[in-house]
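Got your viewer open and a selection box ready? Let's take a walk through this one, stop by stop.

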Amino acid sequence: PPTPPPISQIVKPKGIFSSSGASSASVTSNPQMRGVLVRAPWSSIEPSPGTFSFSAIDQQVTSAKNAGKSYSLAVLAGGPGSPAWLTDTFGVPYVTYLFRGETSYRLPLFWDTTVQDRLNQLAKALGNKYGNDASLKLVYVSQMTANGVEGHLQGVDMTTLKNAGYTDDKWVEAGKQTARNFANAFPTKALAFEVHEINGGSTVPSRIINDLWNDTSLGHRVGAAMWWISGKTTYQSSLIDVLKAYPGDIYGQIIGRSDETTRFQNNDYGTVFTQAKDIGLRYIEPWEYEFKTASNGAGGKWDAIFKDFNDWADKIQ
């Protein structure tokens with residue numbers, strides 16, 4: 001793989017990005033919002049093996065850039081995002097699981113050699129297309145998980161997965177290998193591996209993110225992500241402790257919209273940003289609702305807190 005440039009030359013994003021809404025002018029016009037997360041399922045990008053179509057990404061990227069904003073990139077694999085040909089044509093092993101009320105999701109096995117190979121080919125295609133785009137600031141590692149970016153297995157029966165061959169070591173190695181492949185495909189970009197508890201605890205995600213951070217060949221480019229920051233410490237508390245102790249970069253997404261008040265500590269959305277500073281997040285994605293006008297959004301209610309976080313994040317080395 002190409003040798004990544006010195007860490008001093010890697011531009012890592014800081015501050016407030018939107019978790020979606022690249023095509024919404026009311027989102028991209030917010031002065032505190034520095035960029036937007038562009039997402040697309042793997043199935044739309046590679047509709048047949050080796051044939052790539054980037055239109056689902058390009059439309060969002062163009063909108064973001066036309067608004068003068070940066071973007072982050074997340075391609076969903078896992079159950080919702082993986083193309084049907086992965087199991088139907090290549091015959092890779094999978095388990096079925098229940099997710100968001102649907103029972104027919106197929107989860108290809110992360111550690112399977114064909115799955116790893118196809119994820120590597122996906123990463124290379126994405127890197128060839130977007131790796132030199134200066135507006136791209138962060139790349140999330142695609143994962144064979146319940147929603148394809150976040151590192152959780154919600155709805156997956158662990159006994160079924162273990163019967164299919166799951167071990168902690170296999171999962172750790174699969175996650176690390178995919179992250180290395182994405183890092184090699186994007187040698188000048190910052191990357192993030194999203195973590196949730198796996199197999200009932202925080203050991204597996206802790207091993208993955210710390211091993212990646214300590215891998216000298218990656219040049220401290222692969223950080224951790226938490227897409228569930230809420231201000232609360234009762235949810236995945238052991239993983240919060242892992243992240244507090246983690247020496248690397250942490251990227252976040254807020255667990256919900258600010259009007260879903262019960263999701264936040266003391267029903268207060270502002271506690272998210274207190275916790276973000278406490279854990280050491282350098283970057284955070286509120287939902288697009290927060291940037292929209294009062295008729296269908298928060299109407300600027302949090303702009304002062306967003307500005308404060310941007311100012312704080314800019315001081316992080």
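What follows is a short tour of the core, a buried glutamate, a cavity and a pocket. Keep in mind throughout that this is a predicted model.

**Stop 1: the core.** Start by selecting Ile57, Leu126, Leu161, Trp171 and Ile284, the residues with the most contacts inside the largest nonpolar core. That core has 91 residues in total. As background, nonpolar side chains in soluble globular proteins tend to be buried together.

Now centre on Ile284. Leaving out residues up to four places away in sequence, Ile284 touches Gly15, Ile16 and Phe17, then Ile229, Gly252 and Ile254, and also Val272, Phe273, Ala276 and Phe309. Apart from the largest core there is another one, made of twelve residues; to find it, pick Leu37, Ala74, Trp227 and Tyr251, which are among them.

**Stop 2: one residue along.** Select Glu285, which sits in strand E10, residues 283-285. Is Glu285 buried or exposed? Its relative accessibility is 0%, so Glu285 counts as buried, the cut-off being under 20%.

Which residues does Glu285 touch? Not counting residues up to four places away in sequence, show Phe17, Ser18 and Ser19, Leu37, Tyr140 and Trp227, plus Gly252, Gln253 and Ile254. Leu37 and Trp227 also belong to the core of twelve residues. Draw a C-alpha to C-alpha distance from Glu285 to Ile254 and you should get 6.1 Å, although they are 31 residues apart in sequence.

**Stop 3: the cavity.** How many cavities of 30 Å³ or more does the structure hold? Just one. The largest cavity contains about 40 Å³ of space. To see its walls, select Gln143, Gly151, Trp171, Phe193, Glu194, Val195, His196, Ile198, Pro205 and Ile208. Colour strand E7 (190-194) and helix H9 (203-214) as well, since each supplies at least two lining residues. By type, the lining comes out as six nonpolar, three polar and one charged. You have met Trp171 before: it is one of the residues with the most contacts in the 91-residue core.

**Stop 4: the pocket.** Finish at the largest pocket, with a volume of about 520 Å³. Its lining has 25 residues; for a view from the middle, select Arg100, Asn147, Glu150, Gln253 and Trp287, which lie nearest the centre. Strands E8 (222-229) and E9 (250-254) are the elements giving two or more residues to this lining. Colour by type and you get twelve nonpolar, seven polar and six charged residues. Gln253 links back to Stop 2, being one of the residues that Glu285 touches.

Conventions. Residues numbered from 1 in each chain as written. Predicted model: local features only at pLDDT ≥ 70, side-chain atom pairs only at ≥ 80, totals over all residues. Heavy atoms only, no water. Core = buried A, V, L, I, M, F, W, Y, C linked by side-chain atoms within 4.5 Å. Buried < 20%, exposed > 50% of the residue type's maximum accessible area, 1.4 Å probe, protein only. Contact = heavy atoms within 4.5 Å. Helix = DSSP H or I, 4+ residues; strand = E, 2+ residues; numbered from the N terminus. 1 Å grid on protein atoms, 1.4 Å probe; cavity = no way out; pocket = protein on both sides within 12 Å on 5 of 7 lines; lining within 4 Å. Points joined across faces, edges and corners; volume = space filled by probe spheres on them. Nonpolar A, V, L, I, M, F, W, Y, C, P; charged D, E, K, R; others polar.
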